[in-house]
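Colleague: I am new to this structure and would like a close look at one part of it, followed outward into its surroundings. Please take me through it slowly, explaining each term as you go.

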Amino acid sequence: MAGAVALKVAVAVLAVGIAAVSLGGSLVGAQVHHVVGGDRGWDPSSDLASWSSGKTFRAGDKMWLAYSAAHGYIAEVKSKEEFESCDVTNPIRMFTDGLDSISMDKEGLRYFASSNVDSCNKGLKLHVEVMPQSYQAPETSNSLVAESKGSAVVAAEGPKTPSGSAHLTASLMVLSFGLLCYVLGN
């Protein structure tokens, strides 16, 4: 079962890599592909709230859901109330394929919850705010970020020059292909 989710995550990563390479970077900054939950996908062991914090979702982005039906399907619900109460009885859409791509077509709040109420109540749900395409996320500076009982957390200053990772799209594709071959070979 974990292998099936790993395969779905690998396929999602491969699809993102192929899209990036085939577009030749022409959509860099215009469209981002978000694989929900990162390498774990939509799974009870994933901390989706932590995964999504700090991420910016813009109109035109895509969100990929990779999950095992054993943990329930994924429902997109209409309201914050349905989301918070894990009420999936009247969803906008139910995702059942195990690997789904969701286009973030317009701005606004979107709510996703596990159809398994127990899993949903334990945090297997996600809300995202889709921002306008032109939205620029606030930059973190070397200033105070959080303070709690006498301790402070500060953001480290980032590098002054761009990293080489901006030029590694082809390497991502090769790595994704190798991961897919490995997963399919086992």
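Modeller: Ser-119 lies in helix α4, residues 117–121, where helices (H or I, at least four residues) and strands (E, at least two) are DSSP runs numbered from the N terminus. This is a predicted model, in which local features need pLDDT of at least 70 and side-chain atom pairs count only at pLDDT 80 or more, while totals for chains, interfaces and linings use all residues. Residues are numbered from 1 along each chain as its sequence is written, and side-chain values use heavy atoms, with hydrogens and water left out.

With a relative accessible area of 13%, Ser-119 is buried, a word that stands for under 20%, against over 50% for exposed and partly exposed in between (1.4 Å probe, protein chains only). Leaving aside residues up to four places away in sequence, Ser-119 touches Pro-44, His-71, Ser-114 and Leu-124, contact being heavy atoms within 4.5 Å.

Strand β7, residues 108–114, pairs with β4, residues 74–77, in the antiparallel sense over four bridges, and two strands count as paired if DSSP finds at least two bridges between them. Within this pair, Ala-75 has Ala-113 of β7 as its bridge partner. Both strands belong to an open sheet of five strands with mixed pairing, in the order β2-β8-β7-β4-β5; its edges are β2 (57–58) and β5 (93–95), each of which pairs on one side only.

From β8 of that sheet, the view can turn to the packing. The largest nonpolar core has 18 residues, and those touching the most other members are Val-36, Trp-42, Met-63, Leu-65, Phe-112, Leu-126 and Val-128; such a core is a set of buried Ala, Val, Leu, Ile, Met, Phe, Trp, Tyr and Cys residues joined through side-chain atoms within 4.5 Å. At least two residues of this core come from each of α2 (48–52), β3 (62–66) and β8 (125–131), and β8 gives the most, with three. Leu-126 has contacts beyond four places in sequence that include Val-36, Trp-42, Met-63, Tyr-111 and Phe-112. A second, separate core of eight residues includes Cys-86, Val-88, Tyr-111 and Ala-113.

Strand β3 also leads to an open sheet of three strands, ordered β1-β3-β6 with mixed pairing. Here β1 (33–35) and β6 (99–103) each have a single partner strand, so one side of each is left without a neighbour in the sheet. Between β1 and β3 the pairing is parallel over three bridges, and His-34 stands opposite Met-63 in β3.
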